[in-house]
Amino acid sequence: MKVAAVFRFRKTLTALALIAWGAPVIAASSTSSFDVSIQVLATCSISASNMTFSSITTGTTSNTDATSSLTVNCSNGTPYTVSLGNGNNYSGGRRMTNGSTNINYYLYADSGRSTQWNVAAPQAGTGNGADQSLTIYGRVPSGQSVPQTGAYSDTIIATVTY
């Protein structure tokens, strides 16, 4: 029985020596996977330049025209619409005021001034990732009586919806 015990002892010592000296050890493993993602959102920005009509004199107006421009920048492929608010002095129509007297005016989407541009009639486009320029055509229509001198103004809010 002593020989068998010695033999087992030597076998155990040999196994420990092999482990200590870097003998290969069989190990188990398990794997898992995970996704990596990001959501890229569309974006748009808008800026506007002021519209300044030429000076007029008191009396009855004739058609007076002016233009302004909007710059829209939307992500490539993003559909958008641009609407123009009614203005701060709206009362059945757009008006510039100096406090007590008003001058009516209109804003159009075309140079022939046949398509009004307002909240109910936005202009549509598709973004290309670069600035896109849109022209606003303004008109003070003829036939208005302007008895008072001074500076007349209104403020329009341009909104891009995407």
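How many bridges pair β3 and β9, and in which sense? The two strands pair in the antiparallel sense over 10 bridges. Two strands count as paired if DSSP finds at least two bridges between them, and strands themselves are DSSP runs (E, at least two residues), numbered from the N terminus. The model is predicted, with local features needing pLDDT of at least 70 and side-chain atom pairs counting only at pLDDT 80 or more, while totals for chains, interfaces and linings use all residues. Residues are numbered from 1 along each chain as its sequence is written, and side-chain values use heavy atoms, with hydrogens and water left out.

Strand β3 (residues 64–74) is a good place to start. Besides β9, strand β3 has β1 (residues 44–48) as a partner, joined to β3 by 5 bridges and running antiparallel to it. Asn 73 helps to show both pairings: Ser 45 stands opposite Asn 73, and in β9 the bridge partner of Asn 73 is Asp 131. The covered face of β3 holds Thr 64, Ala 66, Ser 68, Leu 70, Val 72 and Cys 74. Its uncovered face holds Asp 65, Thr 67, Ser 69, Thr 71 and Asn 73.

Asp 65, on that uncovered face, leads to the salt bridges. The structure holds 2 of them, a salt bridge being a side-chain nitrogen of Lys or Arg within 4 Å of a carboxyl oxygen of Asp or Glu. Side chains of opposite charge can pair when their charged atoms come close. Asp 65 meets Arg 113 at 3.5 Å, N to O. This pair links distant parts of the chain, since Arg 113 lies in the loop between β7 (106–108) and β8, 48 residues apart from Asp 65. Asp 65 also meets Arg 139 at 2.7 Å, N to O. Here Arg 139 lies in strand β9 (residues 131–140), and the two partners are 74 residues apart. Through shared partners, Asp 65, Arg 113 and Arg 139 join into one network.

How accessible are the partners of the first pair? Asp 65 counts as partly exposed because its relative accessibility is 35%, whereas Arg 113, at 13%, counts as buried. In these terms, buried means under 20% relative accessible area, exposed means over 50%, and partly exposed lies in between (1.4 Å probe, protein chains only).

Another group of strands forms an open sheet of 3 strands in the order β8-β4-β11, with antiparallel pairing. Its edge strands, β8 (123–126) and β11 (158–161), each pair on one side only. Strand β4 (residues 79–84) pairs with β11 over 4 bridges, and Ser 83 stands opposite Thr 159 in β11.
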